[in-house]
Each structure stands twice: as structure tokens, then as C-alpha cells.
Amino acid sequence: MGTILIKLEDIQKVFYTEEIETHALSNISLAIEKGEYVSISGPSGCGKSTLLSLLGLLDTASGGSYQLSGHNVSNISKKERAKIRNKEIGFIFQSFNLISDLDVEENVELPLTYREDLNKSQRQKMVRKALERVDMAHRLKHFPSQLSGGQQQRVAVARAIAGDPSIILADEPTGNLDSKNAEAVMQLLEQLHAEGATICMVTHDPRSAQRADRNIDILDGQIVSDKPSSSQIVAA
């Protein structure tokens with residue numbers, strides 16, 4: 001058994017309004033090892049994006065325990081969550097989330113500017129390395145509006161990996177891309193995984209899910225299936 005990077009035990013997430021109590025997640029228990037490539041799938045509204053936001057410390061659970069790299073992060077402050085998130089977690093979003101008036105270099109560098117352990121020279125080296133890995137170093141001074149959708153997502157991937165995070169969380173990373181660019185991004189994720197990255201990806205696309213090592217299916221806020229992907233079974 002490898003090193004456990006993420007461990008969830010009996011995670012619950014409840015959203016409250018004045019009249020309604022919505023149980024978005026119930027009894028979620030799972031472990032993700034360092035170096036795994038995991039997909040999370042399920043119908044719209046099943047809780048998969050809620051789960052990803054909890055994993056990424058963008059939100060907190062209503063109950064249960066979350067350990068990240070051996071540390072209990074269930075009830076830490078917003079400030080501590082932000083600090084850990086900035087150093088340990090890389091995010092790739094469906095909508096790219098690039099800032100329009102920042103160029104490529106500035107977009108990739110932005111999360112690193114909140115790291116007190118890095119100076120400007122170190123940040124620039126990390127940015128250049130990340131952009132080289134996604135073949136976008138030649139677009140350093142371009143703005144998002146000057147890039148195609150596929151190129152914007154590559155920049156978003158560079159931003160996610162620049163700080164050498166413990167885990168990359170991808171929320172529908174190909175959702176806004178045509179088939180050609182979607183394939184390029186999936187190949188890029190596979191390359192990062194082959195280089196040792198731990199990846200957890202939410203996707204509605206069964207073909208994308210099968211490219212992961214492990215498939216987790218969620219229905220009505222609960223895990224209904226957690227097994228190796230069919231591609232891994234065939235390979236074995």
C-alpha cells in the first residue's frame with residue numbers, strides 16, 4: 001500500500017436555507033494514495049463538485065473527518081485553509097478562471113505571490129518551468145483573449161502545477177473544449193500523472209473517466225461504486 005495523501009471518514013455536507021435542509025453528501029469515506037489518478041463521476045446534482053470543493057478546502061464539511069498528508073484539516077480556520085490550499089492543492093476549472101487583464105506569466109504566477117516562502121526570482125523560475133511543461137512558454141506575454149480555449153486551459157494547468165502541489169483537483173477540465181483540445185488536455189493530465197502527479201478529476205464524460213486509474217461513482221450524495229477503471233483491468 002502506498003502513502004495515503006487524502007483520507008475522508010464519514011463526511012457529511014448539509015446546506016440549509018430558511019425552509020429546506022439539503023444533504024449534499026452523506027457517509028463519504030475514501031482514501032487517495034500519492035500518485036493515484038482518480039475520477040469522480042455521477043449525474044448532475046449528485047454531489048461530485050461539492051466533494052471536490054471539500055477536498056480542495058474551498059468549503060468545510062458538516063461532519064466527519066478529513067486528513068490531508070496526515071494532518072487533520074476538518075476544523076481549521078479559513079486562514080489556515082487558504083495557506084494549505086495555496087501550497088498543497090492545484091486547481092483546474094472548467095471555465096479556466098484566468099484573469100483577463102493579466103498576461104499568461106502573471107496569471108500563472110498569481111497564486112505563488114501569496115507564498116511567503118518564495119521570492120520573485122523563485123516564482124519566475126517556477127512559472128517558466130510550468131509553462132514549458134504545458135508547451136505554452138512561447139505565449140508568456142499574451143493575454144487570455146489572445147489564446148484559444150485549449151491554450152487557455154493549458155495555462156490553467158500550468159497555474160495549477162506551478163507550485164508543485166500535493167494533489168491536482170480538476171473540475172470538468174474538458175467541459176468547455178472541443179474534442180481536439182479536450183484530447184490534448186487529457187493527454188497532458190496523463191503526462192503529469194506519469195511524472196508522479198496525484199490527480200482527482202470530476203467528469204461527466206465516461207471516456208475521460210476511464211482514462212483514470214480508479215473510478216468513483218456518486219449518486220444522491222453517496223459513493224455507489226469505487227473500483228479500478230476498465231482500462232486498468234484490461235492492462236492487468
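Both E36 and R214 are buried in this predicted model, and the two are partners. E36 forms a salt bridge with R214, with 3.0 Å between the closest N and O atoms. E36 sits in the loop between β2 (21-33) and β3, while R214 belongs to strand β9 (residues 214-219), so this pair ties together parts that are 178 residues apart in sequence. Some background helps here: side chains of opposite charge can pair when their charged atoms come close.

How many salt bridges turn up when the whole structure is searched? The search finds 15 of them. Another one brings together the side chains of K141 and E105, at 2.5 Å from N to O. K141 lies in the loop between α4 and α5 and E105 lies in helix α3, so here the parts tied together are 36 residues apart in sequence. The two ends of this bridge have quite unlike surroundings. K141 counts as exposed because its relative accessibility is 53%, whereas E105, with a relative accessible area of 6%, is buried.

Helix α3 also supplies E109, which forms a salt bridge with K120 in helix α4. The closest N and O atoms of E109 and K120 are 3.1 Å apart, and the two residues are 11 residues apart in the chain. Buried or partly exposed: which word fits E109, and which fits K120? E109 has 8% relative accessibility, so it counts as buried. K120, at 41%, counts as partly exposed. Some salt bridges share partners, and in this way D103, E105, R128 and K141 are joined into one network.

Now for the overall picture. The protein has 8 helices and 10 strands. Its C-alpha trace spans about 45 × 45 × 40 Å along the principal axes. A compact globule of 236 residues would have a radius of gyration near 18 Å, and the protein has 18 Å, so the two agree. Of the 236 residues, 47% count as buried. The accessible surface comes to about 12,000 Å², and carbon and sulfur atoms account for 48% of that. As for who touches whom, take the contacts with a separation of 6 or more: 68% of them are between residues 24 or more positions apart.

In soluble globular proteins, nonpolar side chains tend to be buried together. In this model the largest nonpolar core has 36 residues, and L131, L189, L192 and I199 touch the most other members. The elements that give two or more residues to this core are α3, α4, α5, β7, α6 and β8 (199-202). One of those well-connected residues, L131, is in contact with V104, V108, M136, A137, L140 and A158, leaving aside neighbours within four places in sequence. Apart from this core lies another, of 27 residues, among them L8, Y66, V202 and I216.

Helix α5 (residues 149-161) deserves a closer look. This helix has 13 residues and reaches 19 Å from its first C-alpha to its last, close to the 18 Å expected at 1.5 Å a residue. Is α5 mostly covered or mostly uncovered? Mostly covered: 11 of its 13 residues are buried. Among them are the glutamines Q151, Q152 and Q153, as well as V155, V157 and I161. What covers the buried residues of α5? The cover includes the strands β6 (89-93) and β7 (167-171), along with the helices α3 (104-109), α4 (120-133) and α6 (179-194).

Two serines round off the tour. S41 has its place in strand β3 (residues 37-41). With a relative accessible area of 11%, S41 is buried, because buried means under 20%. Setting aside neighbours within four places in sequence, S41 is in contact with K48, T203, A209, I216, D217 and I218. One of these partners, I216, is also among the residues of the 27-residue core.

The other serine, S208, is found in helix α7 (residues 206-209). S208 has 5% relative accessibility, so it counts as buried. Not counting residues up to four places away in sequence, S208 touches T174, M186, M201 and T203. T203 is in contact with S41 too. How far is S208 from K7, which lies 201 residues away along the chain? Their C-alpha atoms are separated by 24 Å.

Note on methods. Residues are numbered from 1 along each chain as its sequence is written. This is a predicted model: local features need pLDDT of at least 70, side-chain atom pairs count only at pLDDT 80 or more; totals for chains, interfaces and linings use all residues. Side-chain values use heavy atoms; hydrogens and water are left out. Helices (H or I, at least four residues) and strands (E, at least two) are DSSP runs, numbered from the N terminus. The expected span of a helix is 1.5 Å times one less than its number of residues. Buried means under 20% relative accessible area, exposed over 50%, partly exposed in between (1.4 Å probe, protein chains only). Contact means heavy atoms within 4.5 Å. A salt bridge is a side-chain nitrogen of Lys or Arg within 4 Å of a carboxyl oxygen of Asp or Glu. The radius of gyration is taken over C-alpha atoms; the globule rule is 2.2 Å times the number of residues to the power 0.38. Accessible areas come from the Shrake-Rupley method with a 1.4 Å probe; for residues, only the protein chains shown count as cover. A nonpolar core is a set of buried Ala, Val, Leu, Ile, Met, Phe, Trp, Tyr and Cys residues joined through side-chain atoms within 4.5 Å.
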